[in-house]
Amino acid sequence: MKECIVGVDIGGMSIKCIIIDKQGNSLIEGRIETGVEDGVEQVCENIVSLVRKLLWELKEYLPLGVGIGCPGLIDSKEGVVVYAANLKFKNVRLADYIEHALVLPVKITNDANAAALGEAVFGAGKQYEDSVTVTLGTGVGGGIVVGGKLFEGYRSAGAELGHMVIVKDGNQCSCGTKGCFEAYSSATALKKATREAMAAHPESRMWERYTLDTVSGKTAFDYEAVDQTAKEVVDSYISHLAVGLANIANIFRPQAILIGGGISGEGEHLLAPLRKEFSKLLFGGDSYAPVKLEKASLGNRAGALGAAALILD
Ligand SMILES: [Zn+2]
């Protein structure tokens with residue numbers, strides 16, 4: 001019988017499921033509303049029914065297990081969601097629940113870690129043993145893969161790359177600390193910096209197409225070639241991003257850092273100047289052990305694919 005592996009990515013709005021064969025080819029995909037407002041039990045039931053429905057379509061395959069990527073603080077060893085604010089989960093024994101319902105082995109990890117593993121196993125990091133994925137979205141998420149395996153730290157509470165302090169007493173971060181990487185390099189931080197620059201510079205050309213309400217992570221990038229204010233916002237964004245990435249590189253020296261999330265949509269527009277700043281900060285320079293900065297390639301499928309990769313192990 002042919003074998004398959006189930007990958008589930010739980011988001012605040014929807015639950016995504018991708019079932020792959022052992023080579024990583026997608027066999028079937030589906031999604032369902034998370035249903036946070038219906039309570040913990042119902043969210044778990046929604047996961048079960050989505051997986052059941054898709055496996056039903058693949059009757060000729062033998063499922064080997066279910067990997068789950070979940071937001072929040074996850075104890076992956078125990079299979080427990082310790083805390084996930086946007087799911088209203090607290091100490092939920094998610095792996096046990098799904099294991100009993102589906103009678104399949106279940107492994108869970110944090111969603112950012114799952115995405116990093118997905119990129120490392122099936123995406124832009126495929127050819128590297130060691131890679132770090134950094135996601136520039138609402139926050140800055142990340143995951144570290146060393147020797148093909150996730151590095152999660154004590155009780156899976158590590159790899160919080162977004163909360164490395166890069167400026168002492170710097171910008172306020174959502175976590176309560178000041179100066180975190182995330183407080184400078186998330187899309188949220190970039191939008192805030194753009195708004196502040198526009199407010200201070202009524203002459204900026206960014207006002208031609210944007211207001212303080214419609215500013216996005218693209219605004220400053222759109223105008224950096226023709227507007228000094230926009231250029232300053234982008235330069236400052238890139239220089240702080242380079243500091244955070246160089247810190248990661250100088251500790252782990254991965255073969256590649258893969259950049260995902262909304263801001264990575266800027267592609268070479270972002271990456272070319274970023275590589276220049278980054279290489280200045282890379283210990284020993286970049287000739288002996290170069291660290292590639294590349295765009296992550298799996299987009300919003302990285303989490304589910306990485307969750308499936310937990311079972312490949
Ligand atoms: Zn923080």
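1. The largest pocket in this predicted model is lined by 49 residues, and those that lie nearest its centre are Pro71, Asp111, Ala112, Thr135 and Gly141. Its volume comes to about 1,400 Å³, a value that, like the others in this note, was computed from a predicted model.

2. When the lining of the largest pocket is sorted by residue class, it divides into 23 polar, 17 nonpolar and 9 charged residues. Helix H3 gives the most to this lining, with 5 residues, and H3 is therefore a helix to look at again in the next point, where its packing against H9 is that of two helices roughly perpendicular to each other.

3. Helix H3 covers residues 111-122 and helix H9 covers residues 302-312, and their axes come within 7 Å and cross at roughly 75°. Because angles of 65 to 115 degrees count as roughly perpendicular, H3 and H9 are described in that way. On the H3 side the contact is made by Ala114, Ala115, Leu117, Gly118, Glu119, Val121 and Phe122, while H9 brings Ala302, Gly303, Leu305, Gly306, Ala307, Ala309, Leu310 and Leu312. The residues of this contact divide into 11 nonpolar, 3 polar and 1 charged.

4. Which way do H7 and H8 lie relative to each other? The axes of helix H7, residues 228-252, and helix H8, residues 268-281, cross at roughly 55° and come within 8 Å, so that the two helices are oblique to each other. The crossing in which H7 passes H8 is right-handed. From H7, the residues Tyr237, Ile238, Ser239, Leu241, Ala242, Val243, Leu245, Ala246, Ala249 and Asn250 meet Leu270, Pro273, Leu274, Glu277, Phe278 and Leu281 of H8. By class, this contact of H7 with H8 has 13 nonpolar residues, together with 2 polar and 1 charged.

5. Helix H7 also packs against helix H5, which covers residues 187-200, at an angle of about 150° and with the axes 10 Å apart. Since an angle over 145 degrees counts as roughly antiparallel, H5 is roughly antiparallel to H7. H5 passes H7 in a right-handed crossing, and the contact is made by Leu190, Ala193, Thr194 and Ala197 of H5 with Thr229, Val233 and Tyr237 of H7. Those residues divide into 5 nonpolar and 2 polar, with no charged residue in the contact of H5 with H7.

6. A student following H7 through the model may wish to pause at Tyr237, which takes part in the contact with H8 and is also listed in the contact with H5.

Conventions:
Residues are numbered from 1 along each chain as its sequence is written. This is a predicted model: local features need pLDDT of at least 70, side-chain atom pairs count only at pLDDT 80 or more; totals for chains, interfaces and linings use all residues. Side-chain values use heavy atoms; hydrogens and water are left out. Axes are lines fitted to C-alpha atoms, for helices over the stretch in contact, and angles run from 0 to 180 degrees between N-to-C directions. Helices (H or I, at least four residues) and strands (E, at least two) are DSSP runs, numbered from the N terminus. Angles under 35 degrees count as roughly parallel, over 145 as roughly antiparallel, 65 to 115 as roughly perpendicular and the rest as oblique. Contact means heavy atoms within 4.5 Å. Ala, Val, Leu, Ile, Met, Phe, Trp, Tyr, Cys and Pro count as nonpolar, Asp, Glu, Lys and Arg as charged, and the others, Gly among them, as polar. A crossing is left-handed if the near helix is turned anticlockwise from the far one by less than a right angle, and right-handed if clockwise. On a 1 Å grid over the protein atoms alone, a cavity is a set of points where a 1.4 Å probe fits but cannot get out, and a pocket is an open set with protein on both sides within 12 Å along at least five of seven lines; lining residues have an atom within 4 Å of a point. Grid points are joined across faces, edges and corners, and a volume is the space filled by probe spheres set on the points.
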